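User: I'd like to go through the side-chain contacts and the surface of this model with you. Can we take it one question at a time?

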Amino acid sequence: MEKFCYCKPTKVIYGAGEFSKLGAEAAAWGRKALLVKDAGPLEELGIYRRALRYLEAEGITVLELEGIASNP
């Protein structure tokens, strides 16, 4: 096996109103995003549409991948 290094840092932002900063946070990483979507509560509660709106407001091109089953 060849040598390699794997680093996956995680940033968690929590608090009232923080979700509205999604687009600005994502824009720091690039101008394209992939949103993976399954029918369920995120769609029903409007959270998915809000995420899409926040990303697009920052000029991020969003590709939506629908019909993906969640991991059991």
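User: Is Glu66 buried or exposed?
Analyst: This is a predicted model, where local features need pLDDT of at least 70, side-chain atom pairs count only at pLDDT 80 or more, and totals for chains, interfaces and linings use all residues. Residues are numbered from 1 along each chain as its sequence is written, and side-chain values use heavy atoms, with hydrogens and water left out. On the scale used here, buried means under 20% relative accessible area, exposed over 50%, and partly exposed in between (1.4 Å probe, protein chains only). Glu66 comes in at 51% relative accessibility, so the label is exposed.

User: Which residue does Glu66 pair with in a salt bridge?
Analyst: A salt bridge here is a side-chain nitrogen of Lys or Arg within 4 Å of a carboxyl oxygen of Asp or Glu. For Glu66 the N to O distance is 3.9 Å, and the partner is Lys37. The two are 29 residues apart, with Glu66 in strand β2 (residues 61–66) and the partner in strand β1 (residues 32–37); helices (H or I, at least four residues) and strands (E, at least two) are DSSP runs, numbered from the N terminus. That partner is buried, at a relative accessible area of 11%, and its name is Lys37.

User: Which residues are linked with Lys37 in a network of salt bridges?
Analyst: Lys37 also forms a salt bridge with Glu43, where the closest N and O atoms are 3.4 Å apart. Glu43 is partly exposed, with a relative accessible area of 30%. The residues networked with Lys37 are therefore Glu43 and Glu66.

User: What is the N to O distance between Glu64 and Arg49?
Analyst: This pair links distant parts of the chain, with Glu64 in strand β2 and Arg49 in helix α3 (residues 47–57), 15 residues apart. Glu64 is partly exposed at 29%, and Arg49 is partly exposed at 35%. Their side chains meet in a salt bridge, N to O, at 3.3 Å.

User: How many salt bridges are there by this rule?
Analyst: Side chains of opposite charge can pair when their charged atoms come close. Among the pairs here are Lys37 with Glu43 and Glu64 with Arg49. The full count of salt bridges is 5.

User: Which elements give two or more residues to the nonpolar patch?
Analyst: The patch covers about 450 Å² and is made by Leu34, Val36, Leu63, Leu65 and Ile68. One of these, Leu63, is exposed at 58% and sits in strand β2. The elements giving two or more residues are β1 and β2.

User: How far is the sulfur of Cys7 from the closest cysteine sulfur?
Analyst: A disulfide is a pair of cysteine sulfur atoms within 2.5 Å, and by that rule the count is 0. Cys5 is exposed at 73%, and Cys7 is exposed at 62%. The closest sulfur to that of Cys7 is in Cys5, too far for a bond at 6.4 Å.

User: Where in the chain is confidence lowest?
Analyst: pLDDT is the predictor's confidence in each residue, from 0 to 100. The chain averages 91, and 99% of the residues score at least 70. Confidence is highest in helix α1 (residues 22–27), at 96, while the lowest mean, 84, belongs to helix α2 (residues 41–44).

Notes: Patch = residues over 30% accessible without salt bridge, like charges linked within 9 Å, V, L, I, M, F, W, Y side chains within 5 Å. Areas by Shrake-Rupley, 256 points an atom, 1.4 Å probe, with all protein chains shown as cover.
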